Amino acid sequence: MKQLTINGSEYNLDIPDDMPLLWVLRDVLGMTGTKYGCGIAQCGACTVHLDGVAVRSCQTTVDAVDGQKITTIEGIGDTAVGAKVQAAWLEKEVVQCGYCQSGQIMSAAALLSENSRPSDTDIDDAMAGNICRCGTYVRIREAIHSISL
Ligand code: FES
Ligand code: FES
């Protein structure tokens, strides 16, 4: 039995230690906001936070998250930074197809939690692992710059 803390709630789950966190979120708990893209930590669609740090949940086993607080796209709007990121995304109309965007928002929120005034280079470095096939990168950068914390 594994105990996981996700978005402030505790879950006791009968799951294998080596199950990827993404599988737990989507298939066991039905939290489908976190997306499956590549499964090999190359696209960023599955990004969640572990104690506020952005990680790829497709390559993170439940064993590796023991005792850490997990935040997903379903919970990020309850944080001050996450709420501002979501508002900026709406204001700047960042989203195109949307598939990559929960991962983009999670990476942006993690960046802004560490660095409230990131430069273009800081943004590009922090967001480099989040691929958008619709090419929304310019609006993502604009939205991040528009946020004041
Ligand atoms: S699905 Fe995890 S990085 Fe692509
Ligand atoms: S908005 Fe379509 S992949 Fe990013």
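These questions and answers walk through a predicted model, from its strands to its helices and surface.

Reader: How many bridges join strand 1 to strand 2?
Author: Strand 1 covers residues 2–6 and strand 2 covers residues 9–13. The two run antiparallel. Lys 2 of strand 1 stands opposite Leu 13 in strand 2. The number of bridges joining the strands is five.

Reader: Which residue in the turn between strand 1 and strand 2 has a positive phi?
Author: Strand 1 and strand 2 form a hairpin. Two residues lie between them. The positive phi there is about 50 degrees, and the residue is Asn 7.

Reader: In strand 4, what is the bridge partner of Thr 47?
Author: Strand 3 spans residues 47–50, and Thr 47 belongs to it. Strand 4 spans residues 53–56 and runs antiparallel to strand 3, with four bridges between them. The partner of Thr 47 is Arg 56.

Reader: Which residue takes a positive phi in the hairpin of strand 3 and strand 4?
Author: This hairpin has two residues between its strands. The phi in question is near 50 degrees. The residue is Asp 51.

Reader: Are the residues of strand 3 that point either way buried or exposed?
Author: Thr 47 and His 49 point one way from strand 3. Val 48 and Leu 50 point the other way. The cut-off for burial is under 20% relative accessible area. On both sides, these four residues are buried.

Reader: Which residue in strand 5 does His 49 stand opposite?
Author: Strand 3 pairs with strand 5 over two bridges. The sense is antiparallel. Strand 5 is made of residues 69–71. Opposite His 49 stands Thr 71.

Reader: Is Thr 71 buried or exposed?
Author: Thr 71 lies in strand 5. Beyond its neighbours within four places in sequence, Thr 71 is in contact with Asn 7, Val 48, His 49, Ile 76 and Met 106. Its relative accessible area is 17%, and the cut-off is 20%, so Thr 71 is buried.

Reader: Why do the buried residues of helix 6 lie on the same side?
Author: Helix 6 runs over residues 137–145, and its buried residues are Ile 140, Ala 143 and Ile 144. They share a side because the arc they cover around the axis is only 100 degrees. In general, an α-helix has 3.6 residues a turn, so residues three or four places apart point the same way. The arc that places these residues together on helix 6 is only 100 degrees.

Reader: Which helices are included in what covers the buried residues of helix 6?
Author: The residues to cover are Ile 140, Ala 143 and Ile 144. Among the elements over them is helix 5, residues 120–127. The cover includes two other helices as well, so the named set is helix 3, helix 4 and helix 5.

Reader: Is Val 138 buried or exposed?
Author: Val 138 also lies in helix 6. Its C-alpha is 8.6 Å from that of Val 94, 44 residues away in sequence. The relative accessibility of Val 138 is 65%, and the cut-off is over 50%, so Val 138 is exposed.

Reader: What separates the C-alpha atoms of Gly 33 and Tyr 99?
Author: Gly 33 is in the loop between helix 1 (21–28) and strand 3. Tyr 99 is in the loop between helix 3 (80–91) and helix 4 (101–114). They are 66 residues apart along the chain. Their C-alpha separation is 9.3 Å.

Reader: Which residues make the nonpolar surface patch of about 300 Å²?
Author: A patch residue needs over 30% relative accessible area. Tyr 99 has 37% and counts as partly exposed. The patch is made by Trp 23, Tyr 36 and Tyr 99.

How values were computed: Residues numbered from 1 in each chain as written. Chains lettered and ligands numbered in written order. Predicted model: local features only at pLDDT ≥ 70, side-chain atom pairs only at ≥ 80, totals over all residues. Heavy atoms only, no water. Patch = residues over 30% accessible without salt bridge, like charges linked within 9 Å, V, L, I, M, F, W, Y side chains within 5 Å. Areas by Shrake-Rupley, 256 points an atom, 1.4 Å probe, with all protein chains shown as cover. Salt bridge = Lys/Arg side-chain N within 4 Å of Asp/Glu carboxyl O. Buried < 20%, exposed > 50% of the residue type's maximum accessible area, 1.4 Å probe, protein only. Pairing = 2+ DSSP bridges. Arc of directions from axis to C-beta. Contact = heavy atoms within 4.5 Å.
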